[in-house]
Amino acid sequence: MTRARISSRRCPKTNYDGTAQPRMLPFLGYTGKLLLRRDGRRSSVRAFYWLEWRHAALAKTLRKACRGTENDVTDRIAIRNLYKIFGNAPDRALDLLKSGETKETVLARTGQVVGLCDVSISVPVGSIYMIMGLSGSGKSTLARCINRLIEPDAGTITIDGEPVTGTSEARLREIRRTRVSMVFQHFALLPNRTVIENAEFGLKLRGVGAGERRRKALEVLDVVGLSAWANHLPKALSGGMRQRVGLARALATEADVLIMDEAFSALDPLIRSEMQDELLRLQRTLKKTILFITHDFQEALKLGSRVAIMADGMVMREGTPQEIVLDPRHPYVAAFTRDIDRARLFDAASVMEPCQPLALNGCHETADMAGQSGTTFVVDERHRIAGVIDGTRIGDLRRGMDVRKLLTQDYEAVRHTARLADIAGIYRADRPIAVVDDDGQFLGRVDPVRILGRIATPAAAPAQSRMTGG
Ligand SMILES: Nc1ncnc2c1ncn2[C@@H]1O[C@H](COP(=O)(O)OP(=O)(O)OP(=O)(O)O)[C@@H](O)[C@H]1O
Ligand SMILES: [Mg+2]
């Protein structure tokens, strides 16, 4: 007879005498050890470990989802305590800033313009990192400091751990030629050169031979869908096509860092949206590290794996799009988030409740841990969903009935990245919704109340339409 037990297929091995095997220790921490000592019951200890392990697995999945690539373990660009003052006496301005004065006060007292004030960000390898802010907030200054087209006054910048600030002029030139490419708002194409000549221009500057740079330019024009236009002049192209040439030119250098300063801002809305989709599509294979500057919050949310929101040369808020909308922390940031379509921003993982599935094979006494109300998910040995058992049948399970006879397929399953708008579309009152990872393994479940809570805008005024007596 097949009986259910709490799934432990991927649970770490546990010594039930109150000690944990060494490889589990990093997940447990101090609280874990305390709980183990206090709770001698075997099944509870096992459930505790299971939960610890599932949370760790979920956190890993979420980190992957947020950062966009599988191997994001390091930061490509690290900026620490960066300051830029425009003017001839930056030292006094720096002192005032470090003592807590504002950009306005510094300007009034010293005549110096604050470009950047104590900016610290980390750009993960392979991410699209958005710098968002209104005009004059310091976005372009920050971008240009990265390859020191603008010289910062204080702070450090490293690329893959190599200092950019303080490095020699020769090394800086090398970094600019080989590590960092830029794409600008107004394309910056050479009007009298053909599309392919523009695409290979960066390679020409690097001294790459004619044959090799032509081959590479054709390759990148193909990537951006412009091969057929190779021998036309830029004036024959639309705005969107010109920006594709700008992108091709940046890609041709094979630099692993792309800085795109308002690259889509000059495009009309439809073309702009197409270019955003195109960039996301390209990034799936290119896996560049992209610093994308925009004043458009929607664009930041759509493209960004992380977003830094700037004002007055400072980073006001930094995080994933979901983190920022969920917890803006600052009125300036909250103002951007108010009109966001939360149902299309938040995903299943953001509302998911981890819960214990039962395993198809195993001892039936742990069926005690399944809920009496609602339904319980049952997973197979690969941790994929085998079905659900109604809460009213758990008693039968405990009495020893074959779990397979109790299973039904009355459930829905969504991936952890599914948007809430899509989940709402499949919701039915009598069918629980499971969340699965990219391999189809069970992660948890979503509840409609949590979905509604997440979609609701916290800053919205209290409902005016509530009926009052009289
Ligand atoms: N060369 C300069 N000389 C003096 N002040 C400057 C210079 N460049 C930028 N600034 C000032 O630094 C601040 C940040 O400018 P920056 O160009 O970085 O803003 P931005 O966020 O890119 O704005 P926009 O969205 O308009 O491009 C502004 O107050 C600006 O006036
Ligand atoms: Mg700018």
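This report walks through a predicted model of a protein chain and its ligand.

## The chain as a whole

Let's start with the overall picture. The chain has 470 residues, and 37% of them are buried. Its secondary structure comes to 20 helices and 17 strands.

How do parts of the chain that are distant in sequence meet? Taking contacts between residues at least 6 apart in sequence, 66% join residues at least 24 apart.

## Around ligand 1

Which residues surround ligand 1? The shell consists of F86, V113, G115, G133, S135, G136, S137, G138, K139, S140, T141 and H295. Two elements give two or more residues each to this shell: β3 (113-124) and α5 (139-146). The largest share, 3 residues, comes from α5.

By class, the shell around ligand 1 holds 9 polar residues, 2 nonpolar ones and 1 charged one.

## The loop after α5

Follow the chain into the loop between α5 and β5 (154-159), and you will find R148 there. R148 is not a glycine, yet its phi is positive, about 55°. R148 counts as partly exposed because 18 other C-beta atoms lie within 10 Å, while a buried residue needs 20 or more.

I150 sits in the loop between α5 and β5 too. Is I150 buried, exposed or partly exposed? It has 17 other C-beta atoms within 10 Å, so it is partly exposed. Beyond its neighbours within four places in sequence, I150 is in contact with K84, T141, R144 and C145. I150 and F86 are 64 residues apart in sequence, and their C-alpha atoms are 9.9 Å apart in space. You have already met two of these names, since F86 and T141 are among the residues around ligand 1.

## Two helices that cross

Helix α3 (residues 90-98) and helix α4 (residues 103-110) have axes that come within 10 Å and cross at roughly 145°. The crossing of these two helices is right-handed. On the α3 side the contact is made by R92, A93, L96 and L97, and on the α4 side by T105, V106, R109 and T110. Sorted by class, the contact has 4 nonpolar, 2 polar and 2 charged residues.

The spacing along a helix is worth keeping in mind here. An α-helix has 3.6 residues a turn, so residues three or four places apart point the same way.

## Helix α10, an enclosed helix

Helix α10 (residues 239-252) offers a neat check on helix geometry. At 1.5 Å a residue, its 14 residues should span 20 Å, and the end C-alpha atoms are indeed 20 Å apart, which agrees.

Why is α10 described as largely enclosed by the rest of the structure? The reason is that 11 of its 14 residues are buried. Among them are R242, Q243 and R244, along with V245, L247 and L251. The buried residues of α10 pack against β7 (180-184), α7 (195-199), α8 (201-205), α9 (210-223), β8 (257-261) and α11. Just after α10, E254 takes a positive phi of about 60°.

## Two more residues to find

L286 belongs to helix α11 (residues 269-286). It counts as partly exposed because it has 14 C-beta neighbours inside 10 Å. L286 and G126 are 160 residues apart in sequence, but C-alpha to C-alpha they are 8.6 Å apart in space.

D312 lies in the loop between β10 (306-311) and β11 (314-319). Phi of D312 is near 50°, a positive value in a residue other than glycine. With 18 C-beta neighbours inside 10 Å, D312 counts as partly exposed.

Conventions
Residues are numbered from 1 along each chain as its sequence is written. Chains are lettered from A and ligands numbered from 1 in the order in which they are written. This is a predicted model: local features need pLDDT of at least 70, side-chain atom pairs count only at pLDDT 80 or more; totals for chains, interfaces and linings use all residues. Helices (H or I, at least four residues) and strands (E, at least two) are DSSP runs, numbered from the N terminus. A residue is buried if 20 or more other C-beta atoms lie within 10 Å of its own, exposed if 12 or fewer, and partly exposed in between; C-beta atoms are placed from the backbone. Two residues are in contact if their C-beta atoms, placed from the backbone, lie within 7 Å. A residue is near a molecule or strand if its C-beta atom, placed from the backbone, lies within 6 Å of it. Ala, Val, Leu, Ile, Met, Phe, Trp, Tyr, Cys and Pro count as nonpolar, Asp, Glu, Lys and Arg as charged, and the others, Gly among them, as polar. Axes are lines fitted to C-alpha atoms, for helices over the stretch in contact, and angles run from 0 to 180 degrees between N-to-C directions. A crossing is left-handed if the near helix is turned anticlockwise from the far one by less than a right angle, and right-handed if clockwise. The expected span of a helix is 1.5 Å times one less than its number of residues.
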